[in-house]
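Open the model in your viewer and get ready to select residues. We will go stop by stop.

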Amino acid sequence: MRVSIEIPAWVLTEQTKLPTHLTSTEAQMEAVIHFSRLNFQNQTGGPFAAGVFEKETGKLIAIGVNRVVPEHVSSAHAEIVALSLAQQSLETFDLGGPGMPHHRLVVNGRPCAMCFGSLPWSGIRSLVIGASGEQIETITGFDEGPIHPRWQDELQSRGIDVIEDVLADQACDMFREFAASGAKVYNGRSGSDD
Ligand SMILES: [Zn+2]
């Protein structure tokens, strides 16, 4: 038995069009927003993508997209997919292990409560965010869950620096396109009996 999450073929095709290194934070975010848009347009998952990059060099390690609905896996958020791809390709569960270059995770929207919890476990040293949690919830109706009120401090105290509001306008434009598309917004149970 094995748990698996298939990555759509278009992701690999698009990834080959990118340079091996994206050296600016904005270029990394632009790529991630591009993948999040293609993911909902191709109907291969929700409007979320994440990339793992080497922090110093900008070397692209992995890009993940949301795969919850097509793969029947509630935890298949883009962050979890990208971190898992990076860890398996580097053959380590700890991206911050001894002798490793520092890694950053770049996401088009603030991680939800589940993904927030996954960050300290992953070994990343840096988190880069496009749209805020409030922007995502207001524009799309996704429920991002009960995140810690001082989540930035909690990450920073664990050696993960946080950069917010990177190309947030472009990230929000993509979420608006998603909302206007009429695509399904799925949420886990939020306490209702429906
Ligand atoms: Zn998440």
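How many residues of E3 are buried? Select strand E3 (103-109) to find out. E3 is mostly covered, with 7 of its 7 residues buried. Buried means under 20% relative accessible area, exposed over 50%, and partly exposed in between (1.4 Å probe, protein chains only). Helices (H or I, at least four residues) and strands (E, at least two) are DSSP runs, numbered from the N terminus.

A word on the source: this is a predicted model, where local features need pLDDT of at least 70, side-chain atom pairs count only at pLDDT 80 or more, and totals for chains, interfaces and linings use all residues. Residues are numbered from 1 along each chain as its sequence is written, and side-chain values use heavy atoms, with hydrogens and water left out.

Next, add strand E1 (residues 49-54). E1 and E3 pair in the antiparallel sense over 5 bridges; two strands pair if DSSP finds at least two bridges between them. Find glutamate 54 opposite histidine 103 in E3.

Now select strand E4 (residues 126-131). E4 pairs with E3 in the parallel sense, over 5 bridges. Here glycine 109 stands opposite alanine 131.

Last, click the zinc ion. Its protein donors are His77 (ND1), Cys112 (SG) and Cys115 (SG), 2.0 to 2.3 Å from the ion. Donors are N, O and S atoms within 2.8 Å of the metal (3.2 Å for Na, K and Ca); water is not among the atoms, so sites may look incomplete. Along the chain, the donor spacing is H-x34-C-x2-C. Histidine 77 counts as buried, because its relative accessibility is 18%. Cysteine 112 is buried too, at 9%.
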